[in-house]
Amino acid sequence: MTRDGRLGVGIIGAGRVGPVLAAALGGAGHAVVGVTAGSDPERVEAILPRVPVLDATEVARRSELVIVAVPHDQLEGLVAGLADVGAWQPGQLVLHTDPAWGTGILAPAVAKGAIPLAVHPAIEFSGTSMDFRALTGAYAAVTAPGPVLPIAQALAVELGCEPVVVDETARPLYAEAIATASEFSRSIVRQSTGLLAEAGVPFPGAYLRALVHTTVDHALSEAGSGPPIDPTATIQG
């Protein structure tokens with residue numbers, strides 16, 4: 001970390017999440033030093049222009065903060081594999097974005113002296129610049145050991161999010177809630193648009209847009225009718 005707190009940020013995982021988070025941190029003044037190759041290089045280049053494309057080992061070795069944004073079933077093996085080749089460095093920040101895991105999944109990196117952080121912004125990523133607006137004002141679940149929890153919270157704020165501390169033991173329950181909201185919403189929209197199409201309504205997705213948005217907004221308002229979330233409180237399992 002530099003004297004002014006700016007970090008060299010590397011991204012392992014060039015899907016919808018990692019490049020967007022790196023670009024957001026770049027906008028906050030950090031330097032993006034590398035990203036791994038992905039299946040859509042043009043999209044990544046649009047989000048992270050002129051950022052070097054490197055393999056995962058080189059990204060880890062060059063970065064002070066490594067964002068690991070890979071599919072759930074790849075995270076454990078990737079972290080362990082990079083530990084086996086000596087890629088993790090003492091004092092390096094390693095941040096993953098998976099909603100289901102706390103920092104325990106990063107144990108192989110911690111054994112090499114890295115500092116573990118788990119930050120999950122609660123939005124549906126598109127992998128495009130539209131996500132920057134969605135991040136602003138969203139919540140992010142943060143999990144980290146007590147002494148470095150403020151670092152995770154500060155990074156969430158720099159992404160534009162309001163950090164909410166989720167205890168390590170509560171991450172599976174948190175992930176279930178996120179998956180339920182996402183999958184149920186998609187399922188209902190698919191079912192409803194299919195019925196409208198059968199009824200002969202043109203452009204059923206556009207037809208339902210206002211209805212779905214206002215209904216969800218009302219439901220969320222009713223669910224959140226209590227006091228605002230206290231970001232200093234810890235959600236426990």
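The backbone nitrogen of Gly 13 lies 2.8 Å from a polar atom of the Thr 36 side chain, a polar contact in the sense of a pair of N or O atoms within 3.5 Å, where within protein one must be able to donate a hydrogen and the other to accept it, and where residues adjacent in sequence count only if both atoms are side-chain atoms. This is a predicted model, in which local features need pLDDT of at least 70 and side-chain atom pairs count only at pLDDT 80 or more, while totals for chains, interfaces and linings use all residues. Residues are numbered from 1 along each chain as its sequence is written, and side-chain values use heavy atoms, with hydrogens and water left out.

**Thr 36 and Gly 15**

Thr 36 sits in the loop that joins β2 (31-35) to α2 (41-47); helices (H or I, at least four residues) and strands (E, at least two) are DSSP runs numbered from the N terminus. With a relative accessibility of 10%, Thr 36 counts as buried, the classes being buried under 20% relative accessible area, exposed over 50% and partly exposed in between, with a 1.4 Å probe and protein chains only. When neighbours within four places in sequence are set aside, the contacts of Thr 36 (heavy atoms within 4.5 Å) include Ile 11, Ile 12, Gly 13 and Ala 14, as well as Val 53, Leu 54 and Asp 55. Gly 15, in the loop between β1 (8-12) and α1, is partly exposed at 30% relative accessibility, and its C-alpha is 9.7 Å from that of Thr 36, with the two positions 21 residues apart in sequence numbering.

**Ser 63**

Ser 63 belongs to the loop between α3 and β3 (65-68) and, at 3% relative accessibility, counts as buried. A polar atom of the Ser 63 side chain lies 3.2 Å from the backbone nitrogen of Gly 10. Beyond neighbours within four places in sequence, Ser 63 is in contact with Gly 8, Val 9, Gly 10, Val 33, Gln 89 and Gln 92.

**Helix α1 and positive phi values**

Helix α1 (residues 18-27) is mostly covered, since eight of its ten residues are buried; among them are Pro 19, Val 20, Leu 21 and Leu 25. Just after α1, Gly 29 adopts a positive phi of about 110°. Two residues other than glycine also have positive phi values, and they are set out below.

| Residue | Phi | Loop | Relative accessible area |
|---|---|---|---|
| Arg 50 | near 65° | between α2 and α3 (56-62) | 73%, exposed |
| Phe 203 | near 50° | between α8 (171-198) and α9 (204-223) | 68%, exposed |

**The chain as a whole**

The secondary structure of the chain comprises nine helices and eight strands. Its radius of gyration is 19 Å, close to the 18 Å that the globule rule gives for 237 residues, so the chain is as compact as a globular protein of that length; the radius is taken over C-alpha atoms, and the rule is 2.2 Å times the number of residues to the power 0.38. Along its principal axes, the C-alpha trace spans about 60 × 40 × 35 Å. Buried residues make up 38% of the 237 residues, and, of the contacts with a separation of 6 or more, 61% are between residues 24 or more positions apart.
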